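Colleague: I have the sequence and the model open on my screen. Please pick one part, look at it closely with me, and then show me what surrounds it.

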Amino acid sequence: MGLLSPGSIVDHSNRELYLVTAAAAGRRSGCIATWVMPYSLVPQPRRILISLSRLNFTQELVAARGQLALHLLDQAQLPWVARFGLSSGRDQDKFADLAVTESPTGLPLLGDTCGWLICQVLQTVDTGDRVLYLTEAVAEHFNPAGRPLREADLGRLPPDIQAALGEKYQRDVAQSALYVRRDRV
Ligand SMILES: Cc1cc2nc3c(=O)[nH]c(=O)nc-3n(C[C@H](O)[C@H](O)[C@H](O)COP(=O)(O)O)c2cc1C
């Protein structure tokens, strides 16, 4: 029996669901993200860490532009989990038929979320399968009436969408395993 059991304390969370959007060289995309956290006590400017998969087109756009928009999704945006979390922006424009505005630097911004931050990349850490983006917010919008969407809300998605998300998750785990860096720093 190995030391790592199938159940783990890291599985016991109910993280907020974020939408990361990015644009570069005339292309745009967005992906669902949960691995997002502040990394400084100092409130201004806000410093946020975002872990993005090397497999994601959004990650490529963030790397190219050095900026991203981080939206906290509202309960009403549960259907966006499938829109932004199941397919890749390499193959389609995920914003088609949505009311999108743009930041001064051209990042897609979506209204009716709980709010957003425009985040400037300060440093990156390449872990192989992931790029950890250490960012600082340069602009912010907050909607105090918002009701944040969380991982537990995924249980309210239709069964076929839940199944599709589960299959994609397994594919991403297998692909990511090929890229994980095991060297120590
Ligand atoms: C609940 C949920 C949480 C996710 N969390 C992350 C995350 O923290 N980081 C990440 O890079 N991808 C995350 N993903 C996966 C991306 O949203 C997904 O692969 C997306 O289709 C990538 O689209 P893109 O290729 O247009 O960037 C998550 C997906 C879901 C459904």
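Modeller: Let's begin with β8, which runs antiparallel to β5 and is joined to that strand by six bridges. Before going on, please keep in mind that this is a predicted model, in which local features need pLDDT of at least 70, side-chain atom pairs count only at pLDDT 80 or more, and totals for chains, interfaces and linings use all residues. Residue numbers start from 1 along each chain as its sequence is written. Helices (H or I, at least four residues) and strands (E, at least two) are DSSP runs, numbered from the N terminus, and two strands pair if DSSP finds at least two bridges between them.

To find the pairing with β5 on your screen, look for Q67, which stands opposite Q120 in β8. β8 also has β9 as an antiparallel partner, with 11 bridges joining the two. There, W116 has H141 of β9 as its bridge partner. β8 and β9 make a hairpin with three residues between them, and G128 in that turn has a positive phi of about 100°.

Now for the interior. The largest nonpolar core (buried Ala, Val, Leu, Ile, Met, Phe, Trp, Tyr and Cys residues joined through C-beta atoms within 7 Å) has 33 residues, and Y18, V20, I50, L68 and L70 touch the most other members. β8 (115–126), β9 (130–142) and β5 (67–72) are among the elements that give two or more residues to this core. β1 provides the largest share, five residues. Take I50: beyond its neighbours within four places in sequence, I50 is in contact (C-beta atoms, placed from the backbone, within 7 Å) with V20, A33, V36, L68, L70, Y133 and T135.

The ligand is our last stop. Among the 19 residues around the ligand, N56, T58, G85, S88 and G89 come nearest; a residue counts as near if its C-beta atom, placed from the backbone, lies within 6 Å. β2 gives the most to this shell, four residues. G85 deserves a closer look, and you will find G85 in helix α2. G85 counts as buried because 21 C-beta neighbours lie inside 10 Å; the cut-offs are 20 or more other C-beta atoms within 10 Å for buried, 12 or fewer for exposed, and partly exposed in between. Leaving aside neighbours within four places in sequence, G85 is in contact with C31, I32 and L165. G30 is 55 residues from G85 in sequence, yet their C-alpha atoms are 8.4 Å apart.

Note on methods. Two residues are in contact if their C-beta atoms, placed from the backbone, lie within 7 Å.
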